[in-house]
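Could you walk me through this fold, one local feature at a time? I would like to see how a sheet, a helix and a couple of unusual backbone angles look in the model.

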Amino acid sequence: MAATIANQDKISLKVLFQKGTYKVIFAEADNNFVDTLFSIIALPLGTIVRILGKSPDQRVNPLVSLQNLRKSLVELPACYLSAEESKFMMLNPRTSIHYGCRHLKLKIDDTEPTKYFICENAGCNPKSRSYFSTCRIARCCHCRKEMTREIKYTDKFDPTQRLHNEDSALRLLSDRGFTDASHLEERTIDIGREQMLILLRAALLLKYPLTYMVFHIIHPIGTPVRSLTCNEEDRSLKTMTSREDFVDFLFGFLEIPLGTVFVESMDDKTYLESLENLYDSIYGMSFERCIKWEYVKPMLTEPQLVWKYVSENQISPLHISEVSSQINYQSTVLGGTMFRSSNVSDCSKYNLTFKDPRVEGKFLKKATKFMITDDLSVTPFSTISAIAIMKESKVPLKDVEHHVVTVGIEEGLKIFSASLKSRSTLSDVLLGPIIEKKKRDAEEVQSLSKKHGGPNMEQIIGLKRKK
């Protein structure tokens, strides 16, 4: 796979930039570049985090909390997972447009093609419901043997789009306040997958990602990333302990497609300004003028996950493909080739159902306790590890406070939003109400103290209880 990507053809991109500032005004590209650019919107966040880790440019580092979250999942021991394939499914979410994106000239996603497996025992309960999985280590629901028998898949689905842009370059320059062409310069560059990864990384943090990709210049305008630091007077959340349901909810962030982020924030601007502009461009395009096939647009603006089984604690209303979890397999008639039900008229041999990789709706085992740091690093709970974190952060034990918080829908949405932009995700969301409550309590104590002539703390507590 790596060699294939390295030898891919590059795409020429013609850019017009302002002399002196080296700020890219706009770029001219063919459909191959735009196809790749638009495919980013349909990528799950977990996939974006994974492929960004392969980018050689580390000067801008977006999605730090999600990087930590994915790394925690990769390193999570199998004994904490509810099924053998749970980790694989959480780490490899796919949207329905994934199949078509494999045919792009410049592929930013190097995910291996999906493989399909059934029970190694060919005669396993043929009269019962039969299952397939996309993970080789999954176990059969009937005999518990590994599902290692690979079956072929005939892929007749290609949603690749072809776009053309008829906007006037002169009008575009005028709209951006450029009236003197002598201040502009043109340059043609060749870009491959490495440059596209740099562009994606910049688009997650910067207002002018094309400028960064071409010239590696970060303009001071429009860097809305927040990296909070704490001094001795600040309060920060060092660790949080939780049962498996909250961690299951956090790992669910990785399966959310990027486009879904913008669907859920149609009335509010997100901080991902460059990618939101890209999404709005797709959303505003007409089928007749720009998009080759009508069904491609909703696949980009409302991306669907291929497999229907997601975390029961998933906070985002994800769109799930209706056709991916049921397939027809005819081993004797068609030589072991698998087709979607719409492609085969005789379905009498096998009707396979996608095996649920969860147990009782969860990817993680019940009654498991985890420790989560402020930047969403997750590890199984250990008292020794918690003390080590306190020691590493140089926080005096006398300054450590314990609070019990309840995370509902509102808090969950805020945590997800903060995970896209902050390195102190939990502090940003959960500490505010705690600090406000402490301030109110302090003001109330002060008020009671003045009212009752300066009683001691025990008297004040007694008065508050009576109240």
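What follows is a short tour of this predicted model.

Let's begin with the sheet. It is an open sheet of three strands in the order 2-1-6, and the pairing is antiparallel. Strand 2 (23-28) and strand 6 (184-191) stand at the edges with a single partner strand each, so one side of each has no neighbour in the sheet. On average, neighbouring strands of this sheet are turned by 30° against each other, direction ignored. Strands of a sheet pair through backbone hydrogen bonds, either parallel or antiparallel. Here, strand 1 (residues 11-18) pairs with strand 2 over five bridges in the antiparallel sense. If you want a spot to zoom in on, Q18 has K23 of strand 2 as its bridge partner.

Next comes helix 12 (residues 273-284). Its twelve residues reach 16 Å from the first C-alpha to the last, close to the 16 Å expected at 1.5 Å a residue. Buried in this helix are S274, L275, E276, L278, Y279 and I282. The buried residues of helix 12 pack against helix 2 (31-39), helix 8 (193-203), helix 9 (209-215), helix 11 (258-263) and helix 13 (296-301).

Finally, have a look at two loop residues. A367, in the loop between strand 12 (350-354) and strand 13 (369-373), has a phi near 60°, a positive value in a residue other than glycine. L376, in the loop between strand 13 and strand 14 (378-380), has a positive phi too, near 70°. Are these residues buried or exposed? A367 counts as exposed because its relative accessibility is 62%, over the 50% cut-off. L376 counts as buried because its relative accessibility is 0%, under the 20% cut-off.

Note on methods. Residues numbered from 1 in each chain as written. Predicted model: local features only at pLDDT ≥ 70, side-chain atom pairs only at ≥ 80, totals over all residues. Heavy atoms only, no water. Helix = DSSP H or I, 4+ residues; strand = E, 2+ residues; numbered from the N terminus. Expected span 1.5 Å × (residues − 1). Buried < 20%, exposed > 50% of the residue type's maximum accessible area, 1.4 Å probe, protein only. Contact = heavy atoms within 4.5 Å. Pairing = 2+ DSSP bridges. Axes fitted to C-alpha atoms, helices over the stretch in contact; angles between N-to-C directions.
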